[in-house]
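Here is a short briefing on one structure. Keep the sequence and the 3D view open while reading.

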Amino acid sequence: VGVILLLITFLLTGVVCWPKPSPQELIRQAILAKDYETRVSLLQRALASTHAPLPDAESLLCQSLANAGQWGKVEQLLTRIECGQWSNQALVDLAQLGVQSSQWPSVEHLVAVMGERGELAEPRLAISCSLFHAQDQRENHLNAAEQLTVLCPTQSAYWWQLVRIYEKQDDDAAAIRTLESALSQPLPHHDRMAMHHQLIEHSISAGDRDRSRRLLRELRANGEHGPRLDVYLARILHLEGDVNQALVTLRPALQELGEIPEALRFRGVLWEESGELQRAVADFRRVIELTPNDEIVHFKLAQTYRRMARLDNDEAKRQLADKHYKEYLRLHQQAMRLKNLATPNN
């Protein structure tokens with residue numbers, strides 16, 4: 001019996017005195033763990049085993065919880081720990097996960113920490129753009145996007161982002177300035193060509209005939225050709241008031257392009273302006289068959305029917321004009337609501 005008691009005493013002493021794994025060893029095991037529960041448990045043990053800061057364990061735990069969708073726990077941890085000691089990569093990775101999951105309180109916290117590190121200016125601004133967009137902070141969103149183009153002028157994506165912001169604001173002049181600034185940079189050829197096309201679109205939309213003509217010449221000098229350029233020329237001729245020549249120029253382009261709703265709508269406008277009201281109605285009605293929610297074509301069709309009703313004193317056409325105008329108003333109001341409610345993930 002004494003021998004047994006002695007053995008038991010030795011065993012208990014061994015259990016009590018057995019060396020516990022260090023926090024670093026627990027972190028190493030957590031990195032190697034294949035399942036979420038084991039990884040989280042090991043990281044929590046590592047953090048509980050010492051009062052010293054363990055930034056690697058903290059960031060890995062937050063990352064693991066975020067990957068599992070446990071953002072409530074991530075937010076709780078971020079309020080208790082000092083993530084200013086985390087590595088740059090850990091901060092950026094978790095913030096990007098937060099953007100992907102629309103976890104804006106966590107993103108905002110991490111962005112504030114990133115703001116103290118100059119070397120993180122680019123990812124901080126890029127993540128801030130998503131944050132400000134989601135919070136509808138339009139001025140901050142615009143400022144952050146502009147700063148990105150200054151900081152990284154050879155990154156096409158940041159120029160495109162700024163252009164899209166101005167397009168959403170229907171600000172052709174600002175979009176034109178941005179595209180011209182972008183084209184002064186050594187961007188990839190495919191982005192330069194796409195921006196050149198976007199620049200001529202905005203120039204035509206702004207009614208700038210001279211700039212549009214110059215840009216069209218430059219596109220052709222760069223070897224561009226095809227029906228798209230013919231459509232540009234027809235639109236420029238329309239700006240210049242030469243409706244008949246615009247129709248002549250548009251004809252072969254449409255034969256090659258087929259039934260492109262925007263091109264058909266434009267031809268309908270030309271027919272209406274030249275007095276060919278039946279042809280205008282035919283084009284507008286075809287556009288509605290192809291794209292029923294095109295608010296502009298409903299407006300133009302209402303305008304054309306109203307003109308025909310006045311000429312013919314035709315009550316049926318007057319009713320059709322009212323019908324399409326009401327549909328235009330409905331679609332326009334719907335578009336405005338969606339525009340005001342839009343977020344990066346909606």
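Is Tyr325 buried, partly exposed or exposed? Tyr325 is partly exposed, because its relative accessible area is 32%, and the cut-offs are under 20% for buried and over 50% for exposed. The model is predicted. Two topics follow: the aromatic rings around Tyr325, then helix H4.

**Aromatic pairs**

- The structure contains three aromatic pairs.
- Phe299 and Tyr325 make a tilted pair, because their ring planes meet at 50 degrees, and stacked pairs need under 30 degrees while edge-to-face pairs need over 60. The ring centres of Phe299 and Tyr325 are 6.4 Å apart.
- Phe299 sits in helix H18 (residues 295-312) and Tyr325 in helix H19, so this pair ties together parts 26 residues apart in sequence.
- Tyr325 also pairs with Tyr328. That pair is tilted too, at 5.6 Å centre to centre and 40 degrees between the planes.
- Both Tyr325 and Tyr328 belong to helix H19, three residues apart, or about one turn of the helix.
- An α-helix has 3.6 residues a turn, so residues three or four places apart point the same way.
- Through these ring pairs, Phe299, Tyr325 and Tyr328 are linked into a cluster.

**Exposure and surface patch**

- Helix H19, which holds Tyr325, covers residues 315-341.
- Phe299 is partly exposed, with a relative accessibility of 32%.
- Tyr328 counts as buried, because its relative accessibility is 16% and the cut-off for buried is under 20%.
- Phe299 and Tyr325 join Leu329 in a nonpolar patch on the surface. Together, the three residues of the patch have about 230 Å² of accessible area.

**Helix H4**

- Helix H4 runs over residues 55-67, which is 13 residues.
- At 1.5 Å a residue, H4 should span 18 Å. The expected span uses one less than the number of residues. The end C-alpha atoms of H4 are 18 Å apart, so the model agrees with the expected value.
- The buried residues in H4 are Ala57, Glu58, Ser59, Leu61, Cys62, Ser64, Leu65 and Ala66.
- Their cover includes four helices: H2 (23-32), H3 (36-48), H5 (71-80) and H6 (88-100).
- Gly69, just after H4, adopts a positive phi of about 80 degrees.

Note on methods. Residues numbered from 1 in each chain as written. Predicted model: local features only at pLDDT ≥ 70, side-chain atom pairs only at ≥ 80, totals over all residues. Heavy atoms only, no water. Helix = DSSP H or I, 4+ residues; strand = E, 2+ residues; numbered from the N terminus. Buried < 20%, exposed > 50% of the residue type's maximum accessible area, 1.4 Å probe, protein only. Contact = heavy atoms within 4.5 Å. Patch = residues over 30% accessible without salt bridge, like charges linked within 9 Å, V, L, I, M, F, W, Y side chains within 5 Å. Areas by Shrake-Rupley, 256 points an atom, 1.4 Å probe, with all protein chains shown as cover. Salt bridge = Lys/Arg side-chain N within 4 Å of Asp/Glu carboxyl O. Phe/Tyr/Trp six-rings, centres within 6.5 Å; stacked < 30°, edge-to-face > 60°.
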